[in-house]
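Visitor: Please give me a close look at the cysteines here, and then show me some of the inner contacts and charged pairs as well. I am new to this, so take it step by step.

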Amino acid sequence: MGSSKMVPLWLVSSLMLSAAALPSTTNGVPPLDISLQGVGVVLNEIECPLVPTDSSTYWYESVTHNGISPFIPNGTDWPVFRNVKTTFGAKGDGVTDDSEALQNAINAGNSFAQRNTNSLGTTGQPAVVYLPKGVYVLDKPIQFYVGMILMGDPIDPPTIKAASNFSGDFMIYAKDPSQGSTTNFYIGMKNVILDSTDYDKDKNLTLVDWSVSQACQLANIRFDMPYESTGHIGIAMPEGGSALIMEDLYFHGGAVGVKLDNQQYHLKSLTFDSCKTGISVQHMFMGHCQGCKFTSCDIGVDTSSPRDGVEGLGTFLITDSTADNTGTLVKTAATNGSFDSVVLDNVQVDEASVPSTVTIDGKAVLKGSVKQGEAWVLGNAYLPNGPANGAFQSGTTISTHRAASLVDGSGSFHRLPPPAYMEYGVDQVVNVKNVPSHPVAGDGKADDTASLQAIVNKYAGCKILFFPYGIYLVTDTLVFPPGSRVYGEAWSAISATGSKFINPGAPVPMVKVGEPGDIGVAQFSDMLFTVGDVLPGCTLLEVNMAGEKPGDVGFWNTHFRVGGAADSQTQKKCGLDEPCKAAFMHAHFTSSSSAYVDNMWAWTADHDLDGGNSQYISVGRGVLIKSTKPSWFIGFASEHNTLYEVNINKAEDLFIGFQQSETPYWQGGNSTPSAPNPWEPVVLDSDPDFSWCAADDIQCRMSIYQRVSGSKNLSLYAAGFWTFFNGDEACAAGKDCQDDAIRIESSTSVSYFGIGVNHVGNLVVKDGEPVVKSAENKGGWYANTAAYLVD
């Protein structure tokens with residue numbers, strides 16, 4: 001049901017009678033808007049409840065596709081949706097070579113340009129390449145480009161199969177060759193099977209080159225490779241990248257499932273079945289394998305021989321995972337504590353069929369399971385009642401604490417796959433551009449606020465709302481009540497504009513999810529939140545709603561972008577003179593909220609994705625988390641914001657499985673503003689004022705990567721906090737360019753596993769005192785520690 005808690009008819013009637021007795025207005029707001037909050041949703045559910053129908057045809061294949069690319073020439077004629085069979089002649093018959101048809105679908109553009117010409121920017125060439133069920137044979141590789149998702153039918157996932165005479169080293173090159181790996185954004189692949197079983201098992205073949213970065217999605221994919229292969233690899237990253245997450249993947253056979261070569265990664269719900277090696281870590285400053293399964297492998301995870309030496313590895317964490325019929329779960333090399341760290345937390349190992357859980361230089365140092373409520377630590381750790389400067393743990397089991405509300409019956413943190421809504425039929429989906437009584441343009445010019453709000457209100461709890469690709473301008477807050485389910489297309493954008501969002505002294509949310517106290521469902525997939533102008537009073541997202549169960553309120557593959565794109569005037573207004581205050585905050589999860597966040601990037605642009613314009617942009621705040629109900633953040637990043645990247649204030653029962661962040665490149669320079677400028681005076685009680693810094697200490701007055709204050713019951717994993725610049729000048733090797741990464745104040749029951757920094761002096765400052773210092777933890781990218789626990 002759309003709203004997870006149904007209100008009985010007698011209560012609806014009673015509420016209506018009560019409302020009738022109220023004065024006609026209360027502070028200018030009609031009383032029904034207050035007293036019947038959520039009742040409209042309930043009435044919708046009574047009239048047309050959203051009940052699964054188990055349709056045999058995926059709704060996305062049949063829904064009307066009328067997306068446009070508003071900011072390129074002839075953009076109204078741009079084909080966002082591409083069905084490889086009906087439009088491009090792919091056969092999918094398991095015999096015909098479909099490589100040319102699939103590549104044509106990927107390349108197709110309009111009369112102005114094709115997608116493979118590198119002439120449309122990153123955001124101007126949106127594409128969803130859709131594969132209906134079938135077997136699509138490839139004789140040669142296919143090449144992806146930025147701004148696209150290759151999507152299969154999740155009801156009956158299609159297979160992309162390498163022919164026995166396949167010619168090439170990779171089946172799929174997902175990295176756009178016109179961009180460096182660390183700027184390969186907005187690329188996705190989901191709901192497919194990749195099959196190399198017909199190709200010689202001893203020849204080298206990688207199924208996917210995934211040398212990509214943030215805002216990319218790799219989800220719900222099966223990799224079928226030959227048994228006992230010496231040459232097949234599921235995923236490799238030969239050019240690196242700066243990625244966030246891959247999730248819900250199954251690797252069957254092959255020499256290696258994933259060859260990790262990236263700055264950081266959250267690996268969620270990955271299964272390795274009969275791989276010689278599940279994960280081969282070649283380069284990694286911070287990695288977290290959560291909910292992974294290793295069965296019938298020789299080695300589960302191998303960190304023993306990275307390409308640039310073990311001293312360059314940070315921490316690799318394995319949590320809530322299992323292993324059986326596997327030779328060694330973790331194969332690693334000797335460490336002195338500050339590099340090549342390993343943490344196992346709630347890892348169930350079948351001791352009868354797994355001879356060694358961890359080996360160091362060939363010697364078994366751990367056998368059997370790491371029980372629920374325990375973590376096994378190899379690396380430097382700062383523990384309650386331990387040495388103030390921490391101590392190297394050569395393989396120590398310690399007690400851990402997880403809030404009961406964050407875990408399932410097995411004690412594992414809740415984790416959920418991205419929703420596809422395949423259980424619903426196309427008649428249960430509404431294209432927001434196809435509601436005649438409420439016209440919506442999505443063209444980046446028209447004001448869509450009133451029509452969108454009417455559509456959202458009408459269909460909450462009743463239909464799934466499909467936003468075809470476009471730029472949906474709003475001039476006032478767009479409120480999503482309980483029962484809202486939103487599905488975008490290659491990152492459909494809701495964009496703020498207008499005077500409502502100008503005043504930083506009274507910030508206004510662009511998108512508001514529920515009102516305080518609301519309980520229900522609100523889910524967002526494949527969407528983007530942005531600003532169309534310089535709006536210092538705009539908070540892009542405010543979440544007030546809580547669900548009755550994990551994921552009722554959720555965000556999957558949904559991101560933020562301020563600046564750096566042709567769809568916003570910030571691209572040209574925010575130049576070189578001073579940082580323009582382009583937005584107040586990316587996201588605010590309020591005290592009444594409970595949300596599940598999976599693959600979210602809050603990005604303040606450091607460069608222009610669609611041209612050569614300089615971007616000197618200041619967003620006041622990254623993500624503010626004040627939730628006192630259970631919340632989960634998976635594959636999460638916040639970058640280049642002024643006061644902080646993530647602020648955990650008076651929060652409770654919070655799990656962050658992974659956070660990657662960078663400070664603004666312009667901070668820390670003698671001629672650039674020092675925090676809190678240009679946002680002084682700060683206006684929120686939760687805002688840091690940097691009063692602990694000397695007035696001229698520019699490296700103290702930089703964005704805080706993670707601020708924790710007045711909070712409790714926090715489980716924080718896999719922190720990758722990277723400082724690269726002071727005043728847009730690159731940090732010198734071995735030099736601190738920023739004082740502090742994490743600041744903790746007046747908080748209890750806080751557990752960190754895996755903290756890595758680059759060019760930062762202190763990993764953790766607690767109640768004003770540096771407690772974890774880089775000088776004592778040199779390793780990884782710059783400094784690294786395996787664990788820091790606060791009672």
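Guide: Let's start with a word we will need all the way through: a residue is called buried when its relative accessible area is under 20%, exposed when that area is over 50%, and partly exposed in between. Please also keep in mind that this is a predicted model.

Now to Cys297, a good place to try the word out. Its relative accessibility is 3%, so Cys297 counts as buried. Cys275 has a relative accessible area of 2%, and therefore it is buried too. You might expect these two to be bonded. A disulfide is a covalent bond between the sulfur atoms of two cysteines. To be counted as one here, the pair of sulfur atoms must lie within 2.5 Å. The cysteine sulfur closest to that of Cys275 belongs to Cys297, but at 4.8 Å it is too far away for a bond. Seen from the other side, Cys297 is in no disulfide, with the sulfur of Cys275 as its nearest cysteine sulfur.

Other cysteines do pair up, and the whole structure holds 4 disulfides. One of them links Cys289 with Cys292, whose sulfur atoms are 2.2 Å apart. Look along the S-S bond of that pair: the torsion is about -115°, so the disulfide is left-handed. Both ends are hidden from the surface: Cys289 is buried because its relative accessibility is 0%, and Cys292 is buried at 2%.

Next, move along the chain to Cys574 and Cys580, which are joined by a disulfide with an S to S distance of 1.7 Å. The torsion about this S-S bond is 95°, and the link of Cys574 and Cys580 is right-handed. Cys574 has a relative accessible area of 1% and is buried. Cys580 is at 13%, which still counts as buried. A further disulfide connects Cys731 and Cys737, with 2.2 Å between the sulfur atoms, and both of these cysteines are buried.

Let's turn from cysteines to the nonpolar interior. The largest nonpolar core has 140 residues, and Ile494, Met510, Phe555 and Phe589 touch the most other members. Ile494 shows what such a position looks like: leaving out residues up to four places away in sequence, its contacts include Phe467, Tyr472, Leu478, Met510 and Phe529. Apart from this core lies another one, of 76 residues, with Val84, Tyr145, Val330 and Val354 among them.

Val330 is worth a stop. You will find Val330 in strand β21, which covers residues 328-332. Val330 counts as buried because its relative accessibility is 1%. Beyond its neighbours within four places in sequence, Val330 is in contact with residues including Val301, Ile318, Val342 and Leu344. Val330 also shows how folding brings together distant stretches of the chain: Ile279 is 51 residues apart from Val330 in sequence, yet their C-alpha atoms are 9.5 Å apart in space.

Not every buried residue is nonpolar, as Ser229 lets us see. Ser229 sits in the loop between β11 (216-224) and β12 (232-236), and with 0% relative accessibility it counts as buried. A polar atom of the Ser229 side chain lies 3.0 Å from the backbone nitrogen of His232. Setting aside residues up to four places away in sequence, Ser229 touches Lys201, Asp202, Gly254, Ala255 and Lys276.

Finally, the charged pairs: there are 22 salt bridges in the structure. In one of them, Glu239 meets Lys175, with 3.4 Å between the closest N and O atoms. Glu239 lies in the loop between β12 and β13 (245-252), and Lys175 in the loop between β8 (170-173) and β9 (187-195), so this pair ties together parts that are 64 residues apart in sequence. The partners differ in their surroundings: Glu239 is partly exposed at 48%, whereas Lys175 is buried at 7%.

Another salt bridge joins Asp552 and Lys549, their closest N and O atoms 3.0 Å apart. Here Asp552 is buried at 3%, while Lys549, at 52%, counts as exposed. For Asp740 and Arg743, the closest N and O atoms are 2.8 Å apart. Asp740 is buried at 11%, and Arg743 is buried at 7%. Salt bridges can also share partners, and in that way Glu247, Asp248, Lys268 and Asp598 are joined into one network.

Notes:
Residues are numbered from 1 along each chain as its sequence is written. This is a predicted model: local features need pLDDT of at least 70, side-chain atom pairs count only at pLDDT 80 or more; totals for chains, interfaces and linings use all residues. Side-chain values use heavy atoms; hydrogens and water are left out. Buried means under 20% relative accessible area, exposed over 50%, partly exposed in between (1.4 Å probe, protein chains only). A nonpolar core is a set of buried Ala, Val, Leu, Ile, Met, Phe, Trp, Tyr and Cys residues joined through side-chain atoms within 4.5 Å. Contact means heavy atoms within 4.5 Å. Helices (H or I, at least four residues) and strands (E, at least two) are DSSP runs, numbered from the N terminus. A polar contact is a pair of N or O atoms within 3.5 Å; within protein, one must be able to donate a hydrogen and the other to accept it, and residues adjacent in sequence count only if both atoms are side-chain atoms. A salt bridge is a side-chain nitrogen of Lys or Arg within 4 Å of a carboxyl oxygen of Asp or Glu.
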